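Q: Hey, can you walk me through this one? I'm new to reading structures.

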Amino acid sequence: MRQVAARCLAEILPFIALSIREVLELMPLSIVDDLEEVRLRLNRPLAVRLNQEEFFLDRNGGTSPLISGAYTVSQDDLQKTVQLISQGSLYAFEEEFRQGFLTLPGGHRVGLAGRAVLEGGSLKTLKEIGSLNFRIARAVPGSARPLLPYVLNLRRARPYHTLIVSPPCAGKTTMLRDLVRFISYGIPELHFPALTVGIVDERCELASCRQGVPQHDLGPRVDVLDHCPKAEGMVMLLRSMAPQVIATDEIGRAGDVTAIWEMVHTGVSVLTTVHASSWIELKERPHLRELIDSKVFQRYVFLSRRKGPGTIEGVWDEQHQLVTIAN
Amino acid sequence: MWTALGACLVIGSLGLTGIKAASLYSQRSNELRSLQDALQMLDTEILYAATPLPEALKKIGQGRGNSVTKIFSKAGELFGEGQGFTVAEAWEKALQDNWNSSALIQDDYAILCAFGKLLGVSDREEQHKNIALTSMHLRQEEEKARRSQEKNTRLWQYGGFLVGISIVLLLL
């Protein structure tokens, strides 16, 4: 685990200005283990998020909840970092700047905030970047293994239509990604064949493509439609790539629900996720209630952070009956 | 015999100096032309292919043999190495590194420096405008350089020898 954390940090360091890089390199390994985010805010202290809590970093890489003594991020630091993450080519990342984030090699993401430039009432791009948030992506291979007997229909050799439900930062995207990886490789010990998976990655988080290449291991049978709206993307993938399984992240809009209706009636298995922390919250989500009442999803996987990100609270079937107990 | 040899040496060396000075005029005009061609290529890479700068700059530097296009490849290398240079810094350093081998003058340096400061820091439209403006300035400099070349080349070519001959005649 410690090696994974150090590797993740090493992957983002080349994209950070030298002076901040030197501070981050001084961080003790015990901190690196828990590192979730590195935040650069103009003329404000350099911050890191460790286990959901934000701390400031001093020049020696030490953490403190206090602002005094913390390293202050300068205009030069921020400008250099923006150039490094965009390879000095803002024009090549126009869409990413419009979306407010870009993906780094290794699947890590950089969130951007600054002055919005509008054109015809809609966001054209961001200028004068004032905040950067490096979010460290840690793939957890094998995290979906406990789910496999419950979300795979072994008799039909297809996954059930599955909805992964979790509050933010509880590992639903990581879980879905690992599930896709298992399905794309095939699972010999369960005699489950490898299937073709189509991914509609609207938020560029599931496959984390950088210039067309998925930055996470998703297995050999995955086709990714990057930055594409989910509803259009699912229909497009179905026509163009004939997937056996379609995976997409964070459904919620009316168009997504309609597209899922279409998918489940074409013989494709749908794996997706949604933000909610309980059945009550889930049923209160507009548009989703219709899917739940119609028993479209055959499996509901609830996750939480109770024992760390990715804690499986249980798997329920379409009748809302628990098919596995919490770990 | 020694006198004749010395006279030949003086005339020859001053003559060659004149020829060299004359060739700098045409070299500068050619380099300004090459810079405009390279900028045109960069414009295509940015506007139509959205190629990231390190790759685009290296591609331009590899494409042509002219010494000034090395500025592009050197800037691409310096920035791509992750040594902490911004694009503007990498561009300026590449300019300085290749300056002595070129015939460009201070006015050209100022134009290219201003171009480097805006390189890569905006969207495609703005980059296109920056390239177009720089090309226009370089074209104006090229026209001036050509006029100056026509006026001065012959003067330097023959002048060197004539000065050499005059010195020899004075000394004899």
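A: Sure, and keep in mind that this is a predicted model. Let's begin with a pair of helices: A:Lys230, A:Ala231, A:Met234, A:Val235 and A:Leu238 in α8(A) meet A:Gly255, A:Asp256, A:Thr258, A:Ala259, A:Glu262 and A:Met263 in α9(A).

Q: What classes do the residues in that contact of α8(A) with α9(A) divide into?
A: There are 6 nonpolar, 2 polar and 3 charged residues in the contact of α8(A) with α9(A).

Q: How do people describe two packed helices anyway?
A: They give the angle between the axes and the distance between the axes.

Q: OK, so what are those for α8 and α9 of chain A?
A: Helix α8 of chain A covers residues 230–241 and helix α9 of chain A covers residues 254–264; their axes come within 8 Å and cross at roughly 20°. Angles under 35 degrees count as roughly parallel, so α8(A) and α9(A) are roughly parallel to each other.

Q: Let's zoom out. What's the secondary structure of chain A?
A: Chain A has 11 helices and 19 strands.

Q: And how does the radius of gyration of chain A sit against the globule rule, and what does that tell us?
A: The radius of gyration of chain A is 21 Å, close to the 20 Å that the globule rule gives for 327 residues, so chain A is as compact as a globular protein of that length. Along its principal axes, the C-alpha trace of chain A spans about 60 × 50 × 40 Å.

Q: How much of chain A counts as buried?
A: Of its 327 residues, 43% count as buried. Also, take the contacts in chain A between residues at least 6 apart in sequence: 62% of them join residues at least 24 apart.

Q: Switching to chain B: are α4(B) and α5(B) roughly parallel or antiparallel?
A: The axes of α4(B), residues 87–99, and α5(B), residues 106–118, come within 8 Å and cross at roughly 155°. That is why α4(B) and α5(B) are roughly antiparallel to each other.

Q: Is the crossing left-handed or right-handed?
A: α4(B) passes α5(B) in a right-handed crossing.

Q: Which residues meet there?
A: From α4(B) you have B:Ala88, B:Trp91, B:Glu92 and B:Leu95, and they meet B:Tyr109, B:Leu112, B:Cys113, B:Gly116 and B:Lys117 in α5(B). By class, that contact has 6 nonpolar, 1 polar and 2 charged residues.

Q: Last one: where does B:Leu162 lie?
A: B:Leu162 lies in helix α6 of chain B, residues 124–171. B:Leu162 is partly exposed, with 14 other C-beta atoms within 10 Å.

Notes: Residues numbered from 1 in each chain as written. Chains lettered and ligands numbered in written order. Predicted model: local features only at pLDDT ≥ 70, side-chain atom pairs only at ≥ 80, totals over all residues. Axes fitted to C-alpha atoms, helices over the stretch in contact; angles between N-to-C directions. Helix = DSSP H or I, 4+ residues; strand = E, 2+ residues; numbered from the N terminus. Parallel < 35°, antiparallel > 145°, perpendicular 65-115°, else oblique. Left-handed = near helix turned anticlockwise from the far one by under 90°. Contact = placed C-beta atoms within 7 Å. Nonpolar A, V, L, I, M, F, W, Y, C, P; charged D, E, K, R; others polar. Rg over C-alpha atoms; globule rule 2.2 N^0.38 Å. Buried ≥ 20, exposed ≤ 12 C-beta atoms within 10 Å, placed from the backbone.
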